[in-house]
Amino acid sequence: MSYAQPAIGPRSVIAISLVILVHAFMLYVLRNGLERSALQFVGGPVFAELIDEPQVEPREPPPPPPTFQPVHIDSVPAPEIAIDLPADTGQAITLSTATPKPATASSTPVDVTPP
């Protein structure tokens, strides 16, 4: 299976020469400063005009914040708390201290097949 290079046909020659002509034109434009004159022609002169700031009417000042008189309390009464709990029944959770017995080997033989 061989991959042959496609032959350069007339379409390829036209495309390559068009790319070369576009690049040559752009180099000519950049070397002669034509881009500056084109931008000046398109942009035209720029005028600046100063605009006066609008006159802002002064507002009335906001009313002063209300003054609050602090409330003095001599002492705070203690809250009355009544908790009714049932009497302790004496049942507590205990942990078992017995150790588990090791598993004994079973009397039936186990068939092991090699891989």
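1. In this note, a helix is a DSSP run of H or I covering at least four residues, and helices are numbered from the N terminus. The structure under discussion is a predicted model. Helix α1 is followed by G33, a residue with a positive phi near 75°.

2. Concerning the overall make-up, the protein contains two helices and zero strands. Only 2% of its 115 residues count as buried. The protein exposes about 13,500 Å², and 64% of that area is supplied by carbon and sulfur atoms.

3. Helix α1 spans residues 10-32, which amounts to 23 residues. From its first C-alpha to its last, α1 reaches 33 Å, close to the 33 Å expected at 1.5 Å a residue.

4. The second helix, α2, covers residues 34-43, and L34 is found in it. L34 is partly exposed because its relative accessible area of 36% falls between the limits of 20% for buried and 50% for exposed. When residues up to four places away in sequence are not counted, L34 touches Y28 and V29.

5. Which residues make the nonpolar surface patch? The patch, of about 620 Å², is made by L18, V22, F25, M26, Y28 and L34. Helix α1 gives the most to this patch, contributing five residues. Y28 is thus named twice in this note, since it belongs to the patch and is also touched by L34.

6. F25, one of the patch residues, lies in helix α1. Does F25 count as buried or exposed? F25 counts as exposed because its relative accessibility is 51%, and the term applies over 50%.

Notes
Residues are numbered from 1 along each chain as its sequence is written. This is a predicted model: local features need pLDDT of at least 70, side-chain atom pairs count only at pLDDT 80 or more; totals for chains, interfaces and linings use all residues. Side-chain values use heavy atoms; hydrogens and water are left out. The expected span of a helix is 1.5 Å times one less than its number of residues. Patches are made of residues with over 30% relative accessible area and no salt bridge: like charges are joined within 9 Å, nonpolar side chains (Val, Leu, Ile, Met, Phe, Trp, Tyr) within 5 Å. Accessible areas come from the Shrake-Rupley method with a 1.4 Å probe; for residues, only the protein chains shown count as cover. A salt bridge is a side-chain nitrogen of Lys or Arg within 4 Å of a carboxyl oxygen of Asp or Glu. Buried means under 20% relative accessible area, exposed over 50%, partly exposed in between (1.4 Å probe, protein chains only). Contact means heavy atoms within 4.5 Å.
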